[in-house]
Amino acid sequence: MGKKAKWGCGCATVVVLALIVFYVLLCQEVAGGPRHRETVDGVTYTFRVQLGVAALSPTKFRDYPIDINTVGALNIPATLGGYPLKRIGMWAFEGYRGLTSVVIPDGVEDVDFYAFQNCSSLEKVVLPKPLKELAPHLFDACSSLTDVTIPDSVTNICSYVFTQCVSLKSITIPKSVVNLHKPWTIFSVCTNLQSIVVDADNPNYSSIDGVLFDKAGTRLLVCPAGKQGTYVVPNAVEEIGTNAFAACNSLASISVATENQHYSSLNGVLYNKDKTALLVYPVGKQGICTIPASVETIEPGLLQCPHVTEIFADSASLYYSSVDGVLFNKTGTILVAYPTLRQGAYVIPDTVTKIGERAFAGCHGLTGITFTDNVVKIGKQAFVNCTGVISLQLPKHLEKVNEYVFEGCSGLSSVVIPAGVTRVEFGAFWACSNITSVVVPECAADLRWAFPFSDEKITNVVRQPVKQK
């Protein structure tokens, strides 16, 4: 019996040890294998080996693939530790601000999300030929990037790949690319991008004068943000993609020939054919904005361009009106758009019951806002980036504080949310980094919910019970 008991104990120990070893190996497998190091051409690489191939794949604890302070050109080797390098993982070189150029060897098949995000000195990248996809945010905020060649193995370009690459002036899309995911996001905030060139043999896309279209040239997908002056929409265009002209800060005018069957223009502004919908107000257009009598719909925030001084509606309009250069609906109950260049404080008229979505977006010169008690609704992002507003007393009959309504109002120091408010949505005061004093109803119990990235500075908090309506 003794021997049997002793054997049973030993067996249990072996099983436990085996489970521990299995768990360790499993964890290593999930994390991409154990870490290895090798120095090549004076650069020490930290890599992982899994299924016989190497990967530069840091964990969330940031075991950097190379020294974070590395400066200059980087030629990544094709093999590490005798294993072929196949993958560069998520965030692998994120924030390497000293790198000026990177050559990725042709054996690499996968370069993951955010791999080179925030490499602010990176000027040139050579991508590997087996690569099939440019992952989201791959070169996000690489502000010095001017030279990148997309290999003809790439079939898919994901959203935000080149966002904020402000030095990029031209990009060529090879014939192999068959999918551009949300095209306008791929080049968002590339403020100096002047030309998108598409290989003539590409089956799905084409380019005309540096502007991106579908293959047939009937759908305009992206006008590069660096385009200046006036852009003439080709007669063949039947559809203009969402945000196709977003961030074209130097574009002052859009013109459409009368022969076009789907669109029209007036004074450099883009409309649908019968001018019932205002579609694009050029970001670079300066001065007074006039809304024709025919216009029935204007998308929220469409008129919040940085050079607008006043907004007037034709008096014959059945849908819009204007008072002192501010746009309202016809009855004056909804404030639709406030001119972004106007300076000073503003008092909401007594007729207004609703502030429209993005109505004051980007009005940096707005120093104060006075609400009447008639206001019961404030649309999403209505006051986003109104950096000059210092204090805020919301109207007492307000029903709720919408998400991101005061996002980026960095000048705000004090906020009073009335007791009648029954709901404060997430991010209502996102990145309002100077708020120190708030009066909030009990429904805003967690300040991190309403004031993300702002709550740490708030030292004076007064909570009031919600009033029953």
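How do the residues of the lining of the largest pocket divide into nonpolar, polar and charged? In this predicted model, the lining comprises 26 nonpolar, 11 polar and three charged residues. The space inside the largest pocket comes to about 1,200 Å³. Its lining is made up of 40 residues, and those closest to the centre are N243, F245, A246, A247 and V283. Strand β24, which covers residues 277-280, gives the most to this lining, with three residues.

The second largest pocket has a volume of about 260 Å³. Here 20 residues form the lining, and P300, I334, V336, G356 and E357 are the ones nearest the centre of the pocket. Strand β30, spanning residues 334-337, supplies the largest share of the lining, again three residues. By residue class, the lining of the second largest pocket contains nine nonpolar, six polar and five charged residues.

Turning from the pockets to a sheet, four strands are arranged in the order β35-β37-β39-β40, forming an open sheet with parallel pairing. Its edges are strand β35 (391-393) and strand β40 (460-464), each of which pairs on one side only. On average, neighbouring strands of this sheet are turned by 10° against each other, direction ignored. Within the sheet, strand β37 (residues 414-416) and strand β39 (residues 437-441) run parallel and are joined by three bridges. For a reader following the pairing residue by residue, V416 has V439 as its bridge partner in β39.

Methods. Residues are numbered from 1 along each chain as its sequence is written. This is a predicted model: local features need pLDDT of at least 70, side-chain atom pairs count only at pLDDT 80 or more; totals for chains, interfaces and linings use all residues. Side-chain values use heavy atoms; hydrogens and water are left out. Two strands pair if DSSP finds at least two bridges between them. Helices (H or I, at least four residues) and strands (E, at least two) are DSSP runs, numbered from the N terminus. Axes are lines fitted to C-alpha atoms, for helices over the stretch in contact, and angles run from 0 to 180 degrees between N-to-C directions. On a 1 Å grid over the protein atoms alone, a cavity is a set of points where a 1.4 Å probe fits but cannot get out, and a pocket is an open set with protein on both sides within 12 Å along at least five of seven lines; lining residues have an atom within 4 Å of a point. Grid points are joined across faces, edges and corners, and a volume is the space filled by probe spheres set on the points. Ala, Val, Leu, Ile, Met, Phe, Trp, Tyr, Cys and Pro count as nonpolar, Asp, Glu, Lys and Arg as charged, and the others, Gly among them, as polar.
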